[in-house]
Amino acid sequence: TPRTLNAFGFPSALETFIGRLKESDTIINFNSNFEERLEINHEAAIYRVLTELINNTLKHAKAKNIQISIKYKPLKNKLKIEYLDNGVGFNYKEKLISKRGFGLINMQQRIKTFNGTIKFNTKIDNGLTVFIAFEKLKLKK
């Protein structure tokens, strides 16, 4: 677990992770209004899913752009994360049943562990969009 994650939370840790990828040809745009803290296991799960998405995009998707948006609605206590890339996309169902679909399953399990939802929207030659949502967050006190 990165020290930045423990000290400042997953948005800051993600920003640090992205900052270390400057040598990549892929442009990563990141914005977040989430300044609260969650339990470290919850933050680690979100951080690992997002870094896995980034790594997969850089390794497989041939994307020129990645957009990550983290939006928190305090009155509704909802956290929404949207991840988009303009890469080559993939056949989601095919990946799930293949031996190489474990990353997708792991991401789903990590999010579900904390009562979240994760939806993948992708097609070959049409990029990737991932929606992650948490309702009734348990904020760290």
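**Figure 1. Asn33 sits in the loop between β1 (27–32) and α3.**
This close-up comes from a predicted model, in which local features need pLDDT of at least 70, side-chain atom pairs count only at pLDDT 80 or more, and totals for chains, interfaces and linings use all residues. Residues are numbered from 1 along each chain as its sequence is written, and side-chain values use heavy atoms, with hydrogens and water left out. The element names follow DSSP runs numbered from the N terminus, where helices are H or I runs of at least four residues and strands are E runs of at least two. Asn33 has 42% relative accessibility and so counts as partly exposed; that class lies between buried (under 20% relative accessible area) and exposed (over 50%), using a 1.4 Å probe and protein chains only. Leaving out residues up to four places away in sequence, Asn33 touches Ile70, Lys71 and Tyr72, where contact means heavy atoms within 4.5 Å. Have a look at Lys73 as well: its C-alpha atom is 9.0 Å from that of Asn33, although the two are 40 residues apart along the chain.

**Figure 2. Leu137 is shown in the segment after β5 (128–135).**
With 8% relative accessibility, Leu137 counts as buried. Once neighbours within four places in sequence are set aside, the contacts of Leu137 are Phe34, Leu38, His42, Tyr72, Asn77 and Leu79. Tyr72 also appears among the residues touched by Asn33, so you may like to view this panel beside the previous one. Phe114, 23 residues away along the chain, has its C-alpha atom 8.9 Å from that of Leu137.

**Figure 3. Two residues with positive phi, Lys62 and Asn77, are seen in their loops.**
Most residues other than glycine have a negative phi. Lys62, which is not a glycine, has a positive phi near 55 degrees. Lys62 belongs to the loop between α3 and β2 (65–73) and is exposed, with a relative accessible area of 71%. Asn77 is likewise not a glycine, and its phi is positive at about 55 degrees. The loop that holds Asn77 runs between β2 and β3 (78–85), and Leu137 is in contact with Asn77.

**Figure 4. Helix α2 (residues 10–19) packs with α3.**
Two packed helices are described by the angle between their axes and the distance between the axes. Here the angle is about 25 degrees and the axes are 9 Å apart. Axes are lines fitted to C-alpha atoms, for helices over the stretch in contact, and angles run from 0 to 180 degrees between N-to-C directions. The pair is therefore roughly parallel; angles under 35 degrees earn that label, over 145 counts as roughly antiparallel, 65 to 115 as roughly perpendicular and the rest as oblique. α2 passes α3 in a right-handed crossing; a crossing is right-handed if the near helix is turned clockwise from the far one by less than a right angle, and left-handed if anticlockwise. From α2, the residues Phe10, Ala13, Leu14, Phe17 and Ile18 meet Glu43, Ile46, Tyr47, Leu50, Thr51, Ile54 and Asn55 of α3. Nine of these residues are nonpolar, two polar and one charged, with Ala, Val, Leu, Ile, Met, Phe, Trp, Tyr, Cys and Pro counted as nonpolar, Asp, Glu, Lys and Arg as charged, and the others, Gly among them, as polar.

**Figure 5. Helix α3 (residues 40–61) meets helix α5 (residues 102–113).**
The two axes come within 9 Å and cross at roughly 155 degrees, and α3 and α5 are therefore roughly antiparallel. The crossing of α3 past α5 is left-handed. On the α3 side you will find Ala45, Arg48, Val49, Glu52, Leu53 and Asn56, and on the α5 side Gly103, Met107, Arg110 and Ile111. This contact is made up of five nonpolar, two polar and three charged residues.

**Figure 6. Ala44 is pictured in helix α3.**
Ala44 is buried, its relative accessible area being 5%. The C-alpha atom of Pro2 is 9.1 Å from that of Ala44, and 42 residues separate the pair along the chain. For orientation, the protein chain has five helices and five strands, in the order α-α-β-α-β-β-α-α-β-β. Of its 141 residues, 40% count as buried.
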